[in-house]
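Please look over the sequence and the structure shown here before reading the report.

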Amino acid sequence: MFDSLKKRLNQFKDSISKQENELDEAEFENADVTATNKGAEEARSERQSLDATRPLGQDPDKPQLQSARSLKERDTSAVAKQGTSKAFFEREIKQKDLEEPLWELEMALLESDVAMSVTEGIVRTVSDDLVGKKRKWRQDVGGLVNDALRDGIERVLDVNGLDFDSFIQRAAKPVTIVFTGINGTGKTTTIAKIAHRLKFQGYSIVLAAGDTYRAGALEQIERHAENLGVKLIKHQQGADPAAVIYDAVQYARAKHKDVVLADTAGRIHTNVNLMNQLKKIERVINADLVIFVDEALAGNDAVERALQFNTAMPIDGSILTKVDADSKGGAAISIARATGKPILFLGVGQGYEDIIKFDPEWLINRLLEEEST
Ligand SMILES: Nc1nc2c(ncn2[C@@H]2O[C@H](COP(=O)(O)OP(=O)(O)OP(=O)(O)O)[C@@H](O)[C@H]2O)c(=O)[nH]1
Ligand SMILES: [Mg+2]
């Protein structure tokens, strides 16, 4: 999960560390050369002054010995000085030194499906955090870079925090949740996973077979309802989905059920009629939550689609499925920022248990942990 993005972020850290160490080395050597030249200069002028004060006819060997000793002393003190100056060496990370690695970071994020505007935001934060940071001689910058990346990604994931579990707990019952998205992204499977999760938490569930469009959709959700032992409200194929969901809500009210999970047919966001159908569902049902489902594999397309669906029927959050098959991870970073609505869950497989509550910290820790190889 997210392995390729994680690898690219690690490469970014390594490349800054290597470059900064080389810059330390170069800057320190320059400083040393200057110091050595200065030392030699001082020694020469000292020798000249010794020659000038030596009385005429005096054995020149003696003062020469003295001069050699004083030069040796100077050498020893230069070594000591070098050791000390390394200990006190401090260098600032400069904007111009970061240009190349930041460009690499930008490419890494874009190639990992992070949306352009989100990428720019992350790169800006990382740059602002690092420029001007002071570092000691060969101090590892890995920690500094990690903090900067954490800051950058945290900022883009920081959207209004809707906590799904506490929302369900507090909301007046029945809570109605409608799931939308394009074909085949995993809506019906996700509904079954959530029904399983909520049932385990002690809630009573009603499923609404709102996909009256696709052949086989009815049988599919019927099978899930049977497996999970939950009530399903359905009409004939081709019926009005708004009417099916309405009936499910009425049933839940009458029978004091806690949550209605409403399926809808997959639709392409460019299909005007089908998108209008969503608007009708919205008017008739006035759902407590609308959740947009898309697959992590869709990358940047998922972000675009979320925005389109949000226009037809405003969403309260997203669920990304098939994260088990996505190594890039960019959609997870972008979708929340682009829609301004949080990611609620990640689908990580085909079984009922393969759903995890989305936690930005979890994602960030996963992306920034050291590679095991
Ligand atoms: N690997 C993996 N497969 C998933 C996940 N979620 C759903 N799937 C699979 O994706 C396929 C489509 O899932 P559905 O739930 O039928 O998708 P849908 O969005 O309801 O499809 P339509 O009703 O045709 O729009 C199925 O084979 C699911 O098993 C997931 O998190 N990981
Ligand atoms: Mg479906």
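The sections below describe a predicted model, beginning with its ligand and then turning to salt bridges and a helix.

## Surroundings of ligand 1

Ligand 1 is surrounded by 20 residues, of which Gly-186, Lys-187, Thr-188, Thr-189 and Asp-324 come nearest. The shell is made up of twelve polar, six charged and two nonpolar residues, and helix 7 (residues 187-200) gives the most to it, with four residues.

Oxygen atoms of the ligand take part in several polar contacts: one is 2.8 Å from an N or O atom in the side chain of Lys-187, one lies 3.3 Å from a polar side-chain atom of Lys-193, and one is 3.0 Å from a polar backbone atom of Lys-322. Of the 650 Å² that ligand 1 exposes when taken alone, the protein buries 81%.

## Salt bridges

The count of salt bridges comes to 15. In one of them Glu-92 pairs with Lys-134, with the closest N and O atoms 3.3 Å apart; this pair links strand 1 (residues 90-92) to strand 2 (residues 134-136), and its partners are 42 residues apart.

Another joins Arg-150 to Glu-361, again with a closest N to O distance of 3.3 Å, and it links helix 5 (residues 142-157) to helix 13 across 211 residues. Arg-150 is partly exposed at 24% relative accessible area, and Glu-361 is likewise partly exposed at 32%.

## Helix 13

Helix 13 (residues 360-368) has Leu-363, Ile-364, Leu-367 and Leu-368 as its buried residues. Seen down the helix axis, these buried residues fall within an arc of 115°, so they line one face of helix 13.

Notes: Residues are numbered from 1 along each chain as its sequence is written. Chains are lettered from A and ligands numbered from 1 in the order in which they are written. This is a predicted model: local features need pLDDT of at least 70, side-chain atom pairs count only at pLDDT 80 or more; totals for chains, interfaces and linings use all residues. Side-chain values use heavy atoms; hydrogens and water are left out. Buried means under 20% relative accessible area, exposed over 50%, partly exposed in between (1.4 Å probe, protein chains only). Helices (H or I, at least four residues) and strands (E, at least two) are DSSP runs, numbered from the N terminus. The arc is that of the directions from the helix axis to the C-beta atoms. A residue is near a molecule or strand if one of its heavy atoms lies within 4 Å of it. A polar contact is a pair of N or O atoms within 3.5 Å; within protein, one must be able to donate a hydrogen and the other to accept it, and residues adjacent in sequence count only if both atoms are side-chain atoms. Accessible areas come from the Shrake-Rupley method with a 1.4 Å probe; for residues, only the protein chains shown count as cover. Ala, Val, Leu, Ile, Met, Phe, Trp, Tyr, Cys and Pro count as nonpolar, Asp, Glu, Lys and Arg as charged, and the others, Gly among them, as polar. A salt bridge is a side-chain nitrogen of Lys or Arg within 4 Å of a carboxyl oxygen of Asp or Glu.
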